[in-house]
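Visitor: I have a structure open and would like to learn how to read it. Could you walk me through it, one feature at a time?

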Amino acid sequence: MDATIALRLPRDAASVPLIRKMFDGTLRSLGVVPQIRDDIELMLTEACANVVRHAEPSDEYTVTAGVHDDLCVIRVVDTGDGFDPSRVRTPAPGEESGRGMLIMRALADDVRFISRREHGVVVALEKRLRFEPGAAGLTLGTGNGRRPR
């Protein structure tokens with residue numbers, strides 16, 4: 001099964017809950033277990049919030065979120081100035097911001113930050129899915145009611 005949502009969004013805080021709710025509704029419809037949906041929602045929120053907060057001078061960004069058999073693949077792409085992910089410092093205990101990359105790395109099965117100087121950043125996140133018994137995602141994945149491998 002392949003299902004993908006792709007949106008070009010304004011670099012505005014109001015865009016973050018929009019894509020989060022749209023994709024959560026898709027995952028819920030497919031029968032993805034709540035814990036995995038929550039992890040994906042938080043990863044997606046952090047990736048989009050980082051664009052809104054840091055992707056100067058970009059006016060918009062693109063989110064592609066898809067389900068490919070039992071794998072969720074998210075790509076958040078901005079057109080800002082880019083950054084060097086290895087130079088992002090770890091926040092001190094008690095700091096109220098700066099934990100987005102740490103959260104994404106903790107929740108994703110695979111995360112890549114691809115910086116394209118003066119052409120923005122691609123954040124690529126992957127998460128293995130687990131489905132509720134009898135979920136639509138199971139039957140759509142293989143056509144025979146068994147979970148795809």
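Visitor: Let me start with one residue: in which loop does Asp 69 lie?

Guide: Asp 69 sits in the loop between β2 and β3. Before going on, please note that this is a predicted model, where local features need pLDDT of at least 70 and side-chain atom pairs count only at pLDDT 80 or more, while totals for chains, interfaces and linings use all residues. Residues are numbered from 1 along each chain as its sequence is written, and side-chain values use heavy atoms, with hydrogens and water left out.

Visitor: What is the phi of Asp 69?

Guide: Asp 69 has a positive phi, about 55°, although it is not a glycine.

Visitor: Is Asp 69 buried, exposed or partly exposed?

Guide: Here the general idea is a set of cut-offs: buried means under 20% relative accessible area, exposed means over 50%, and partly exposed is in between (1.4 Å probe, protein chains only). Asp 69 counts as partly exposed because its relative accessibility is 30%. Across the protein chain, 43% of the 149 residues count as buried.

Visitor: How many helices and strands does the protein chain have?

Guide: Helices (H or I, at least four residues) and strands (E, at least two) are DSSP runs, numbered from the N terminus. The protein chain has four helices and five strands, and along the sequence they follow the pattern β-α-α-β-β-α-β-β-α.

Visitor: Where is Pro 57, and what kind of peptide bond joins it to Glu 56?

Guide: Pro 57 is in the loop between α2 and β2. The bond joining Glu 56 and Pro 57 is a cis peptide bond, with omega about -5°.

Visitor: How do I read the radius of gyration of the protein chain?

Guide: The radius of gyration is taken over C-alpha atoms, and the globule rule is 2.2 Å times the number of residues to the power 0.38. With 149 residues, a compact globule would have a value near 15 Å, so the 16 Å of the protein chain agrees. Along the principal axes, its C-alpha atoms fill a box of roughly 50 × 35 × 25 Å.

Visitor: Which residues touch the most other members of the largest nonpolar core?

Guide: A nonpolar core is a set of buried Ala, Val, Leu, Ile, Met, Phe, Trp, Tyr and Cys residues joined through side-chain atoms within 4.5 Å. The largest one has 39 residues, and Phe 23, Ile 40, Tyr 61, Ile 74, Val 76 and Leu 125 touch the most other members. Elements giving two or more residues to this core include β1 (2-10), α1 (15-30) and β5 (120-128). The most comes from α2, with eight residues.

Visitor: What is Ile 40 in contact with?

Guide: Contact means heavy atoms within 4.5 Å. Leaving aside neighbours within four places in sequence, Ile 40 is in contact with Phe 23, Leu 27, Cys 72, Ile 74, Lys 127 and Leu 129.

Visitor: Is Met 101 buried or exposed, and what about Arg 105?

Guide: Met 101 lies in helix α3 and is buried, with a relative accessible area of 10%. Arg 105 lies in helix α3 too, but counts as partly exposed at 42% relative accessibility.

Visitor: Which residues do Met 101 and Arg 105 touch?

Guide: Not counting residues up to four places away in sequence, Met 101 touches Asn 50, Phe 83, Pro 85, Val 88 and Phe 113. With that same exclusion, Arg 105 touches Val 111 and Phe 113.
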